[in-house]
Structures are given as C-alpha cells and as structure tokens.
Amino acid sequence: MSRVLIAKLGLDGHDRGVKVVARMLRDAGFEVIYTGLFQTPESVVAAAIDEDVDAIGVSMLSGAHEALMPLVVERLREAGAESIPVILGGIVPDGDLESMREAGVAAVLTPGATADEVVAAVNEAIERSRRASHESPGAPAR
C-alpha cells in the first residue's frame, strides 16, 4: 500500500476539495496522511520524511504555487528526499504548468479532475520515482 501525504500549503483556508481528494485516494487503497491547513514547505517535508511517504499531494487555491511549490521541492532535495514526488492540485493557470514542471513538480491536477485522474496521476508519479531510484546508482533508498 502506498502512503501519500496531503497538505494545504500557505494561507489557503479552503479545505473541502482536499478532503475529497484524500477520501478518493483512501478509497483507491492509499494510506493517506492529511496534515491540515496552513502548512509551510518545511513542515510538509518534515512530515513526509517522518511518515515515510511515497508521494506528497499539495492543494493550493491561493495562487501562491509559483512561490511555494519550488520551495517544497528544494526542501526535499536539501533533506535528501528528492525521490518523493510532489503532485500539485488546485487553481493553476495553463501558463504556469511549465514552470511547475521545471520546479520539479511531478504532476498538476486542476479543478474538474476525476477520481480516476487523481489516482492515476499519483500512481504514475510514484511509479516514475521508483523507476528513477532503481536506475540511478547511489539514489536514496525509499
């Protein structure tokens, strides 16, 4: 069973959607750890490492993804946990998709994504990460 940490990053206080996503993932067989509202990049990464998760899902509706998502990926690298993929869900303009990929975000899900799309994106990100870890000599064990 894969473990996924779900977090609300920054000052975004809207949590109905992220709770629906957490339930979707749980119903699909994932073990879900929800950190709650108002998390920082540092708290998300610390929780992900402490919980030994296979992926991190971040929900952002505030528009702060350009500032905060690169920090999550950077903090993972600093902690030696860059093999944990990060998936962003929320309000992300099409023009920001490329910068999210460049920042190291594994997938972006926008409003209207179905349960099947959410589950597939998380599974694919975890699988890509596992393949990359096995192909890279000296990659951190997960």
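This passage walks through the sheet of a predicted model and the helices that pack around it.

At the heart of the description is an open sheet built from 5 strands, which follow one another in the order β2-β1-β3-β4-β5 with parallel pairing. Two of these strands, β2 (31–34) and β5 (107–109), form the edges, each pairing on one side only. On average, neighbouring strands of the sheet are turned by 20 degrees against each other, direction ignored. Within the sheet, strand β1 (residues 3–8) runs parallel to strand β3 (residues 55–60), and 5 bridges join the two. For readers who would like to follow the pairing by eye, L5 has I56 in β3 as its bridge partner.

Helices come next. Helix α3 (residues 65–78) packs on the sheet, where it touches β3 and β4 (86–90). The direction of α3 makes about 160 degrees with that of β4. Helix α5 (residues 115–135) lies across β1, β3, β4 and β5, and runs at about 170 degrees to β5.

Helix α5 also meets another helix. Two packed helices are described by the angle between their axes and the distance between the axes. For helix α1 (residues 16–27) and α5, the axes come within 10 Å and cross at roughly 70 degrees. Since angles of 65 to 115 degrees count as roughly perpendicular, α1 and α5 are therefore roughly perpendicular to each other. On the α1 side, the contact involves V21, M24 and L25, which meet A115, V118, V119 and V122 of α5. Sorted by class, this contact of α1 with α5 comprises 7 nonpolar residues, with no polar and no charged ones.

Conventions. Residues are numbered from 1 along each chain as its sequence is written. This is a predicted model: local features need pLDDT of at least 70, side-chain atom pairs count only at pLDDT 80 or more; totals for chains, interfaces and linings use all residues. Side-chain values use heavy atoms; hydrogens and water are left out. Two strands pair if DSSP finds at least two bridges between them. Helices (H or I, at least four residues) and strands (E, at least two) are DSSP runs, numbered from the N terminus. Axes are lines fitted to C-alpha atoms, for helices over the stretch in contact, and angles run from 0 to 180 degrees between N-to-C directions. Contact means heavy atoms within 4.5 Å. Angles under 35 degrees count as roughly parallel, over 145 as roughly antiparallel, 65 to 115 as roughly perpendicular and the rest as oblique. Ala, Val, Leu, Ile, Met, Phe, Trp, Tyr, Cys and Pro count as nonpolar, Asp, Glu, Lys and Arg as charged, and the others, Gly among them, as polar.
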